[in-house]
Amino acid sequence: MSEVFNVADIFGEDVFNDTVMQERLPKKVYRDLKKMIEEGKELDLATADVIAHEMKEWAIEKGATHYTHWFQPLTGVTAEKHDSFISAPMENGKVLMSFSGKELIKGEPDASSFPSGGLRATFEARGYTAWDCTSPAFVRKDAAGATLCIPTAFCSYTGEALDQKTPLLRSMEAINEQALRLLRLFGNTTSKKVTPSVGPEQEYFLVDAEKFEQRKDLIYTGRTLFGAMPPKGQELDDHYFGTIRQRIAGFMKDVNKELWKVGVTAKTQHNEVAPAQHELAPIYAPCNIAVDHNHLIMQTLKRVACQHGMKCLLHEKPFAGVNGSGKHNNWSITTDDGKNLLDPGKTPHENVQFLLVLTCILKAVDTHADLLRESASDPGNDHRLGANEAPPAIISIFLGEQLEDVIEQLITTGEATHSLKGGKLETGVSTLPELSKDATDRNRTSPFAFTGNKFEFRMVGSRDSIAGPNVVLNTIVAEAFAEACDILENAEDFDKAVHDLIKQYATEHQRIIFNGNGYSDAWVEEAERRGLPNIKSMVDAIPSLTTDKAVKLFEKFHVFTKAELESRAEIKYENYAKAINIEAKTMIDMASKQIIPAIIKYTKELADTVNAVKAAGADASVQAELLNEISGLLAETKKALSHLIEVTEEAGAMEEGRDQAVFYHDVVFTSMDALRAPVDKLEMIVDKEAWPMPSYGDLMFEV
Ligand code: ADP
Ligand code: MG
């Protein structure tokens, strides 16, 4: 048996958490720091010096040699610049270890290598990282040794956000402020802070490292660009929740251990729908910590997979025709004294505050469906959304029977008088306890589903940061709260006003509610009748960032300026164009250097066989027929390849921006499909021994 350990002993052992701070910091310093964390009070440099010193001592005891400001630029991954703790050598030739308050609070990485979308001319390469003290520092141990990681936000010299975290923190402030207004209206005078809580479920694939290394598409793009479906597909339902095989189990054990050490509450793990696909979910946490932890989860999955001779694929669609990967972003709003604003209680129809919150969310999602859709777009997710496995690209809300009924009552009679009960679930087995049935069934096809006391936004891509979706959620709900409060704070008769408002919002935004099958064609038509947007691709989604509606929303709550939104749109077009360009070039490379040569060799063998069989006086018609078929497909491949080369060159020569991205989407992407089609047909008929790379079957069933 492998090593065993006590989770409670190792949990958070590499985190500079509250216990460590309390133990190590002088009382006053600890109090000041808590004030900064809880109330956003600024820290003076002398206090910061003390914290930095203790943090350094603690990290060095853990073996750390370096520290880094850990940040989330707009490339989608995290970035860091490492500095060692050593200061200038002393006269005796020895060296001191130092880390100042200034170094803790502010860093200055060279910003010119990160995308800024024109916000920062390269001659003004300065960017600053600023300590996000609400997300604890931690020591990460990997092949590079141990490093003290300080979660930070990343801004330009002039204060524009260059990262995912700055707007996230701003959006958390916005929803805090507006939710507190709303709570006060309902007589709550005790809650001091409202925080969005997030629990993301992360899906991923594992493949054997040796096979991965034989596929340039996986190496360069994270997904297969060619590949025929294996005879054994995912129709094998027994895999779902199947016994996690030993190799995978060993991997998961190490992932959990690594995550627990850095304070990530890895909680559930199971196999997913597709073969070789798995899922990991932590316990929900405050939004910004959940985002940081999701990055740590993705990095840890990748690192530990390598240690186990595997590769972790985070791409949304590693295999065409096989279920892709996403993230379910579970979202709720909680007060510092533990009240969840999304908890309907047993009798939701009587819970006026809940009904107001709920109808505000209906309004927010209906009004800004385009922004939510955009927040879930990345090049990989274009393969998933609307493809009958992930939610459709149309945003709608699933409320479940009970709440839908309450809303229905409100709309028709203006009054909700009762709530449907859950009842008891008959298992038919007398030894099993009687389970009480949820008042709400599950709906797996909805992009935005109410699940008991939270909303689950299911469109997010597996590789994408969850920061973007939460920025949008926090801000649009803050706006709806603000608009409701503007009305209710001035109402003469509060009870009547709130009642009318709930009814008004429910009526005006009922079109966003859909409890049926989101995968059906009928829904696509119905959604169109309702006037709901159906935004099919990333390039079509990006413009929603810069509409007047979006600018007004984000500027009102100081989440993004117009310039920041424009820069983000620009970066997204660039990111899209780059991603498709790399895919196209990888396809060209594989087709020219691996696939076509392998087929030429194979056709020669076949031709030799035909001749030999004929010379022997036998019937070679089957061999000749196969040779003809393969030669035909080879010609098709060559033609499609030439076309792809041409259009990729044309795209590369275009000026960066929307037109280029649209060209990549409409022309290059389509030409990639045209090249893939004959190659996949060839893979089905060419001798497996002759095929130059591992097949889907090899990758998915032999982990
Ligand atoms: P599912 O049945 O959808 O797989 P899980 O029990 O695995 O649900 O939970 C999914 C995620 O939702 C977990 O990360 C969990 O911590 C999180 N979650 C649970 N309650 C809340 C809540 N009130 N707010 C935000 N996230 C929550
Ligand atoms: Mg879920």
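**Exercise 1. The interface of domain 1 and domain 2**

How many salt bridges does the rule find across the interface of domain 1 and domain 2? Describe what this interface is made of in the predicted model.

*Solution.*

Step 1. Locate the parts. The domain assignment places domain 1 at 7-162, and domain 2 at 171-225 + 238-423 + 435-560. Domain 3 covers 576-701. Between the C-alpha centres of domain 1 and domain 2 there are 30 Å.

Step 2. Count the residues that touch. Domain 1 brings 23 residues into contact with 17 residues of domain 2.

Step 3. Give the size. An interface is often described by the accessible area lost when the parts come together. Here about 1600 Å² is buried between domain 1 and domain 2, with 58% of it coming from carbon and sulfur atoms. Of the area that domain 1 buries against domain 2, 27% is supplied by Ile 10, Phe 11 and Gln 72, more than by any other three residues.

Step 4. Test for charge pairs. The cut-off is a side-chain nitrogen of Lys or Arg within 4 Å of a carboxyl oxygen of Asp or Glu. Across the interface of domain 1 and domain 2 the result is zero salt bridges.

Step 5. Test for polar contacts. Between domain 1 and domain 2, eight residue pairs are in polar contact, with both residues at pLDDT 80 or more.

Step 6. Assign the domain 1 side to elements and classes. Two or more residues each come from α1 (7-10), α3 (27-39) and β5 (138-142). β5 gives the largest share, five residues. By class, this side of domain 1 has ten nonpolar, six polar and seven charged residues.

**Exercise 2. A salt bridge between distant parts of the sequence**

Which residue forms a salt bridge with Glu 489, and which parts does the pair tie together?

*Solution.*

Step 1. The structure holds 36 salt bridges. One of them joins Glu 489 to Arg 181, with the closest N and O atoms 2.8 Å apart.

Step 2. Glu 489 sits in the loop between α14 (467-488) and α15 (494-508), and Arg 181 belongs to helix α6 (residues 165-185), so the pair ties together parts 308 residues apart in sequence.

**Exercise 3. Where to read with caution**

Over which residues does pLDDT stay under 50?

*Solution.*

Step 1. Take the chain as a whole: pLDDT averages 90, and 93% of the residues score at least 70.

Step 2. Pick out the weak stretches. Residues 424-429 stay under 50, with nine contacts beyond four places in sequence. Residues 432-437 also stay under 50, with twelve such contacts.

Step 3. Where pLDDT is low, predicted coordinates should not be read in detail.

Conventions
Residues are numbered from 1 along each chain as its sequence is written. Chains are lettered from A and ligands numbered from 1 in the order in which they are written. Side-chain values use heavy atoms; hydrogens and water are left out. Domain bounds come from an automatic or database domain assignment. Contact means heavy atoms within 4.5 Å. Buried area is the accessible area (1.4 Å probe) that two parts lose on being put together, summed over both. A polar contact is a pair of N or O atoms within 3.5 Å; within protein, one must be able to donate a hydrogen and the other to accept it, and residues adjacent in sequence count only if both atoms are side-chain atoms. Helices (H or I, at least four residues) and strands (E, at least two) are DSSP runs, numbered from the N terminus. Ala, Val, Leu, Ile, Met, Phe, Trp, Tyr, Cys and Pro count as nonpolar, Asp, Glu, Lys and Arg as charged, and the others, Gly among them, as polar. pLDDT is the predictor's confidence in each residue, from 0 to 100.
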